[in-house]
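Here is a friendly walk through one protein model, written for someone new to reading structures. Have a look at the picture first, and then follow the text piece by piece.

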Amino acid sequence: MKKQWWHDKICYQIYPKSFCDTTGSGIGDINGITEHLDYLRNLGVDIIWLSPCYPSPMADQGYDISDYRNIHPDFGTLEDFDRLVAEAKKRDMGIIMDLVVNHCSDEHPYFKEAMAHPDGKYGEYFYIEEGVDGKEPNNWRSYFGGSAWEKIPGTKNKYYLHMFHKKQPDINWENPAVREEIYDMVNFWFDRGVVGFRIDAIINIKKPHPLRGCNYPADREDGMASCAKMTEDAVGIGDFLQELKDRCFAPHQAFTVGEVCGQKEEDTIAYVGEDGYFSSMFDFEINSEEAKDGFEWMNKHFITPDMYRRAMERTQKRMEPIGFISTVLENHDLPRISSRILREADRTDTAKKLLCVLYLYQKGIPFIYQGQELGMDNTWFDDVDMMQDVSSQDEYRVCREAGLSHEEAMQVVNRFSRANTRTPFQWDDSVNGGFTTGTPWLPVNPNYKNINAAEEVANPDSVYHFYQKAIALRKDPRFAETFVYGVFGLVSQEYDNVIVYERADEKQRLVIACNMQQAEVTLDMEVGEVLLSNYGEAHPTSGRLTLRGFEAVVFRA
Ligand code: NOJ
C-alpha cells in the first residue's frame with residue numbers, strides 16, 4: 001500500500017461550542033481552541049477536526065449552515081480562524097473542517113430565495129416536488145422524526161425535502177451549478193490552510209429519482225419509512241464523489257474522513273481504497289453490532305466484550321485489503337464510551353485506560369473526542385429541552401408515544417443522548433469547570449471537581465497521562481511501523497470478557513490484551529517485553545500472562 005502522510009496520525013475532535021469560552025458568553029470560541037493547542041500537542045495530537053463553526057441558526061447545533069464562507073460570530077472571526085490554523089501549523093498540527101453539504105440551513109440566502117420563488121433559479125438548488133393527493137411527495141420519515149417533506153408556505157402543493165430537520169433542506173447535487181459552488185467553497189477553505197475535511201452524512205447526497213411517489217413499506221405505525229432506506233436504491237453517488245475528490249481533495253493531498261453509514265459492502269473500496277474518494281471513513285461497526293443483537297435503541301444494554309470483539313474483527317478484516325478505517329470510541333453524536341461499555345461500579349480510571357488501549361492499537365487512524373482523554377462521563381438532564389438537541393427531542397417523543405412515562409422516557413433519553421458528549425469541557429475545578437466565566441450554554445457535568453484537565457495534567461497516574469503515554473508508544477520509532485501497517489489478528493477468543501489482538505509484521509509481533517472484568521485471569525500465553533500496562537510499570541515481564549481486573553497490557557511477543 002502506498003504510504004500517505006496521514007497514515008500515522010492521531011486526530012482529535014473539537015466541538016467548538018463546548019471547548020473553551022474566552023469571552024464569557026457561555027459559548028466556546030476559536031480563540032479558546034488556539035489557547036489550548038499546547039495541551040493537545042502535549043497529548044500527542046496531530047490533526048484537529050472542528051465540528052461546524054460556520055454561521056448557523058444552530059437548529060442542529062451548527063450542522064445547519066447559513067453561510068459556508070465565514071465563522072459564526074459566537075465563535076469569532078475569520079481572522080481568529082486564520083490565527084488558529086497558523087498557530088496549529090507552528091506546532092506541526094493540521095486543522096480539518098466539517099464539510100456539511102448534504103443540506104444547509106433554511107436561513108441560507110439561496111434557500112430563502114428558493115422559498116420566495118420555487119420555480120426560479122434557486123428552486124433548482126434544492127429538491128422541490130409537488131405533493132401527491134394532497135399529501136407529501138413520498139412517505140419518507142426524516143432522520144429526526146416526522147415527514148422528510150415540508151410544505152412550502154404560499155404554494156398550493158409544493159414541498160421541499162429535508163432528510164434531517166426541517167430547518168436543514170437537502171441540497172440538489174444533480175444541479176451542476178450547485179456542485180460548482182460547493183467545490184469553490186471547499187477550495188476556499190483549502191486556501192485558508194486547512195489540511196482536509198470530515199464529511200458529514202455524505203451517503204445521502206444521491207437520491208433515487210423520481211422522488212415523487214418513491215414510497216417504501218411503512219416501518220412504523222406512522223405509515224412512513226426511514227429515509228435511510230432510499231440509500232439502497234440511489235445509484236451513481238460515485239460520480240459526485242469522484243468529481244469532489246478530483247476538483248478539491250486530490251490537488252491538495254487532503255486528509256478526508258467520511259461519515260459513511262450504510263454503503264454497500266462492495267463499495268467500501270471505492271470510498272476508501274487506495275484510489276478512494278476519501279482517505280478514510282469512521283468505524284461505526286459497534287453501532288451495527290448493537291442493532292444486530294436485536295436491541296431496540298430504547299432498551300439497548302451495555303456493549304459487551306463479545307459484541308466489541310465481533311465488531312472489531314469484522315471491521316479490521318474487511319479493511320485489511322482496502323485501507324485505513326478511522327477508529328472512534330466517542331463523538332458528538334454518541335454518549336460517553338465509559339457509560340456505554342462500563343457498568344457504574346466498573347467506571348474507574350483503570351477501566352477507562354483499558355478502553356484507550358482497546359482501540360488505539362487497532363489498524364486505522366484513531367480519533368479522540370474532546371474530554372475522552374480525561375475519562376469524562378455521561379451527565380444527567382431532568383428535562384429534554386435542556387439538552388438543546390433535535391435528535392434527543394425526537395427520541396423523547398418516540399418514548400412517550402410508546403407509552404413510557406416522563407421519568408421512564410428521561411431514563412432512556414439520558415443514556416443515549418448526544419447531549420452527553422456536548423457538555424462543556426472540564427478544564428479545572430473552578431466554577432463551571434473553568435469553561436466559561438458566564439453561564440454555560442449547556443450545564444457542565446457536576447463531576448468536574450473530580451474529572452478535569454488541570455488535575456489530570458498534574459497527576460502522572462491520570463487517564464490523560466495514560467493517553468499521552470499510549471500515544472507515545474504508538475509513535476515510538478521502534479513500534480510505529482508495526483502499529484500503523486502491521487497485520488491485525490485476533491489472538492484468542494477462548495476467555496470470557498477478555499480481548500486479545502495482535503499487530504504483526506516481519507519485524508515483530510505486538511500483542512494487546514484487555515481483561516474487561518473485575519476477575520483476574522491467567523491466559524495460556526507467554527509475556528514478552530511489556531511495553532504498556534494500565535496498572536503502571538509494575539507488570540511481571542515473564543511467564544504466563546496474568547491480567548488483573550480491567551488490566552490492559554501491550555507487550556512484544
Ligand atoms: C451527522 C452529524 O454528525 C450530526 O451531528 C448531524 O445532526 C447530522 N449529520 C446532520 O448534519
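## A small sheet of strands

Lys-151 has Tyr-159 in strand 7 as its bridge partner. Before going on, a word about the model: it is predicted, so local features need pLDDT of at least 70, side-chain atom pairs count only at pLDDT 80 or more, and totals for chains, interfaces and linings use all residues. Residues are numbered from 1 along each chain as its sequence is written, and side-chain values use heavy atoms, with hydrogens and water left out.

Strand 6 and strand 7 (residues 158-161) run antiparallel and are joined by 3 bridges. Strands here are DSSP runs of E with at least two residues, helices are runs of H or I with at least four residues, and both are numbered from the N terminus. Two strands count as paired if DSSP finds at least two bridges between them.

Which order do the strands of this open sheet follow? The 3 strands are arranged as 4-7-6, with antiparallel pairing. Strand 4 (128-130) and strand 6 (149-151) are the edge strands, and each pairs on one side only. From one strand to the next, the twist averages 35°.

## A sheet of five strands

Another open sheet has 5 strands in the order 14-15-16-20-18, again with antiparallel pairing. Its edges are strand 14 (487-492) and strand 18, each with a single partner strand, so one side of each is left without a neighbour in the sheet. The twist in this sheet averages 25° from one strand to the next.

Strand 18 (residues 529-533) is worth a closer look. It is mostly covered, as 4 of its 5 residues are buried. Buried means under 20% relative accessible area, exposed means over 50%, and partly exposed lies in between (1.4 Å probe, protein chains only). Strand 18 pairs with strand 20 (residues 552-556) in the antiparallel sense over 4 bridges. Along this pairing, Leu-532 stands opposite Val-554 in strand 20, while Glu-529 has Arg-556 in strand 20 as its bridge partner.

## Helices across the sheet and beside each other

Helices lie across this sheet too. Helix 9 (residues 305-319) lies across strand 14 and strand 15 (498-504), running at about 150° to strand 14. Helix 16 (residues 463-475) lies across strand 18 and strand 20, running at about 140° to strand 18. For such angles, axes are lines fitted to C-alpha atoms, for helices over the stretch in contact, and the angles run from 0 to 180 degrees between N-to-C directions.

Helix 16 also packs with helix 11 (residues 349-360), at an angle of about 25° and with their axes 10 Å apart. That makes helix 11 roughly parallel to helix 16, a label for angles under 35 degrees. Among the residues that make the contact are Cys-356 and Val-357 of helix 11 and Phe-466 and Tyr-467 of helix 16. Contact means heavy atoms within 4.5 Å.

## Some single residues

Is Thr-256 buried or exposed? At 2% relative accessibility, Thr-256 counts as buried. Thr-256 lies in strand 10 (residues 255-258), and leaving aside neighbours within four places in sequence, its contacts include Phe-197, Ile-199 and Tyr-277.

Trp-380 sits in the loop between strand 13 (365-369) and helix 12 (390-401). Trp-380 is partly exposed, with a relative accessible area of 41%. Beyond its neighbours within four places in sequence, Trp-380 is in contact with Met-410, Gln-411 and Asn-414. Its side chain also makes a polar contact with the side chain of Asp-382 (2.9 Å); a polar contact is a pair of N or O atoms within 3.5 Å, where within protein one must be able to donate a hydrogen and the other to accept it, and residues adjacent in sequence count only if both atoms are side-chain atoms.

Now for some backbone features. Most residues other than glycine have a negative phi, and most peptide bonds are trans. The table lists two residues with a positive phi.

| Residue | Phi | Loop | Relative accessibility |
|---|---|---|---|
| Gln-61 | near 50° | between strand 2 (47-50) and helix 3 (78-90) | 6%, buried |
| Asp-133 | near 50° | between strand 4 and strand 5 (140-141) | 76%, exposed |

Finally, the peptide bond from His-209 to Pro-210 is cis, with omega near 0°. Pro-210 is placed in the loop between strand 8 (196-199) and strand 9 (225-226).

Methods. Angles under 35 degrees count as roughly parallel, over 145 as roughly antiparallel, 65 to 115 as roughly perpendicular and the rest as oblique.
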